[in-house]
Amino acid sequence: MYKRKIEEQLLVWKNKQDHKPLVLRGVRQCGKSSSVRKFAQEHYKYQVFIDFREREDLISLFDSGLTVDYLTTIISAAIPEAIFVPNQTCLILDEIQDCPRARGALKFFRQDGRYDVICTGSLLGVSGYKSPQQQLREKQSSIPVGQEEFLDMYPMDFEEFLWACGIKESTITLLREHMDTQQAIPQALHTILRQRLLEYTVVGGMPEAVTTFLTTHDINQTLAIQKAIVEGYKSDMIHYARQEDQPCIRQCFESIPVQLSKENKKFQYSVVRHGGRSKDFAGSLQWIEDAGIVNRCYNLHITELPLDGNANPDVFKVYMSDTGLFVSMLDQGTQADILRGNLLSYKGAIFENLMADILGKMGRKLYYFHKDSGLELDFLIRYKGQCTPIECKATTGNAQSLRTVMNHPEKYHVSQAIKVGDYNIGFANGVLTLPFYLGFLLVDY
């Protein structure tokens, strides 16, 4: 079982006085169920686990009544090992989007207060097909507004991947110190972390893929796991989306590698399908984003804070939220090319998606800057209280756009910038140079 950052957030929730039932949101197979069960085993004497996807027969338990006394009685009758003891039992409702009535029961658990409830959901908020029985259950229930708390969970980020690889916290602390003092990372450690980064690029953060890779070191077996996850997402598009939307959602999803292969990586509906327009595919793209599969990166009108206030909602790029799944959608053999550093023209797309992965798993929104003149900055973030460009470049990469922005502060209002790539730490002329593997330390101040 891997160490996950969500565990600290779960403990903060548990220790909060009068806490509400918790809904843990995140893309499918990112480790929500495992993390919640591990947390419950460590912090509660009793755990009652219901997976509505695996045990569809248990959905009907919530049809007749939602009072706490009724539910604990009927659940303990259906699950003989279930034990409900006030202040000692945690009820886990997995894939709660499959049982809207259970979601409606959260307000009763909140009012009752005897038992902690943690729900997980991977497709909360997506709109799609519902059977007549599902429609009836939703009509008879309601989302308990104000009666639940939310946490977002992501696939393993690069720091969690390093933990899984056996990198100690003391090493992470050393990296932070070198970044703060802008001193180069010792060469031996630099070499190890460069390799771990390349591995993370192809493996990503889906726990099953990480386990397969660390156990076997076989990229083909890892790729098979990743492709199965991607096919699972496509199956969700059929199972949960409206029938008339299913082809458009699939087309949007499958166009992402092509979108990112363009020199101008702005998402274009005409690339999804010849002649495609926003009205044809905007809802489909929103479905994929709501499912947590992709992240949008919005173009800014100007390079100033607040970033969200200066974003153009109609001009954006789309990145896969997990780098390993993105690479698995590319040509066979791409993994070997990445591990050898032989990426040719597609290097920009892969490493931009890697940076989007790193920033997105911090919970950051993504922004970039592009002008028709050709000036483009890969990402912009709030860093140390300022609007800060990030350029993803190889050692020999051209950073002309970054130089242009830095040389005209009166026009672009940028006084600091970050360049990440295959090199060590450095600083010159207001630009902090970082090895790509330190991207996860770009936390906001």
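1. In this predicted model, helix H12, spanning residues 246-254, packs against helix H15, spanning residues 278-290, with an angle of about 70 degrees between them and their axes 8 Å apart. Because angles from 65 to 115 degrees are counted as roughly perpendicular, H12 is described as roughly perpendicular to H15.

2. The residues behind this helix contact can be listed for both sides. From H12 come Cys 248, Ile 249, Gln 251, Cys 252 and Phe 253, and these meet Asp 280, Phe 281, Ser 284, Leu 285, Trp 287 and Ile 288 in H15. Sorted by class, the contact of H12 with H15 comprises eight nonpolar residues, two polar residues and one charged residue.

3. Turning to the sheet, five strands build an open arrangement in the order S2-S3-S4-S1-S5, and their pairing is parallel. The edge positions are taken by strand S2 (46-51) and strand S5 (149-152), each of which has a single partner strand, so that one side of each is left without a neighbour in the sheet. On average, and with direction ignored, neighbouring strands of this sheet are turned by 20 degrees against each other.

4. At the S5 edge, the pairing can be given in detail. Strand S1, residues 22-25, pairs with S5 in the parallel sense over four bridges, and Val 23 stands opposite Phe 150 in S5. Helix H1, residues 6-15, lies across S1, strand S4 (116-121) and S5, and runs at about 170 degrees to S5.

5. Which aromatic rings deserve a closer look among the 13 aromatic pairs that the structure holds? One of them joins Phe 84 and Tyr 115, whose ring centres are 5.4 Å apart and whose planes stand at 75 degrees, so the pair is edge-to-face. The pair links distant parts of the chain, since Phe 84 lies in the loop between helix H3 (68-78) and strand S3 (89-94), whereas Tyr 115 lies in the loop between helix H5 (106-112) and S4, 31 residues apart.

6. Are the two partners of that ring pair, Phe 84 and Tyr 115, buried or exposed? Phe 84 has a relative accessibility of 16% and therefore counts as buried, and Tyr 115, with a relative accessibility of 8%, counts as buried as well. The cut-off behind this reading is a relative accessible area under 20%.

7. A further aromatic feature is a cluster in which ring pairs link Phe 158, Phe 161, Tyr 200 and Phe 440.

Technical notes:
Residues are numbered from 1 along each chain as its sequence is written. This is a predicted model: local features need pLDDT of at least 70, side-chain atom pairs count only at pLDDT 80 or more; totals for chains, interfaces and linings use all residues. Side-chain values use heavy atoms; hydrogens and water are left out. Axes are lines fitted to C-alpha atoms, for helices over the stretch in contact, and angles run from 0 to 180 degrees between N-to-C directions. Helices (H or I, at least four residues) and strands (E, at least two) are DSSP runs, numbered from the N terminus. Angles under 35 degrees count as roughly parallel, over 145 as roughly antiparallel, 65 to 115 as roughly perpendicular and the rest as oblique. Contact means heavy atoms within 4.5 Å. Ala, Val, Leu, Ile, Met, Phe, Trp, Tyr, Cys and Pro count as nonpolar, Asp, Glu, Lys and Arg as charged, and the others, Gly among them, as polar. Two strands pair if DSSP finds at least two bridges between them. Rings of Phe, Tyr and Trp (its six-membered ring) pair if their centres lie within 6.5 Å; planes under 30 degrees apart count as stacked, over 60 as edge-to-face and the rest as tilted. Buried means under 20% relative accessible area, exposed over 50%, partly exposed in between (1.4 Å probe, protein chains only).
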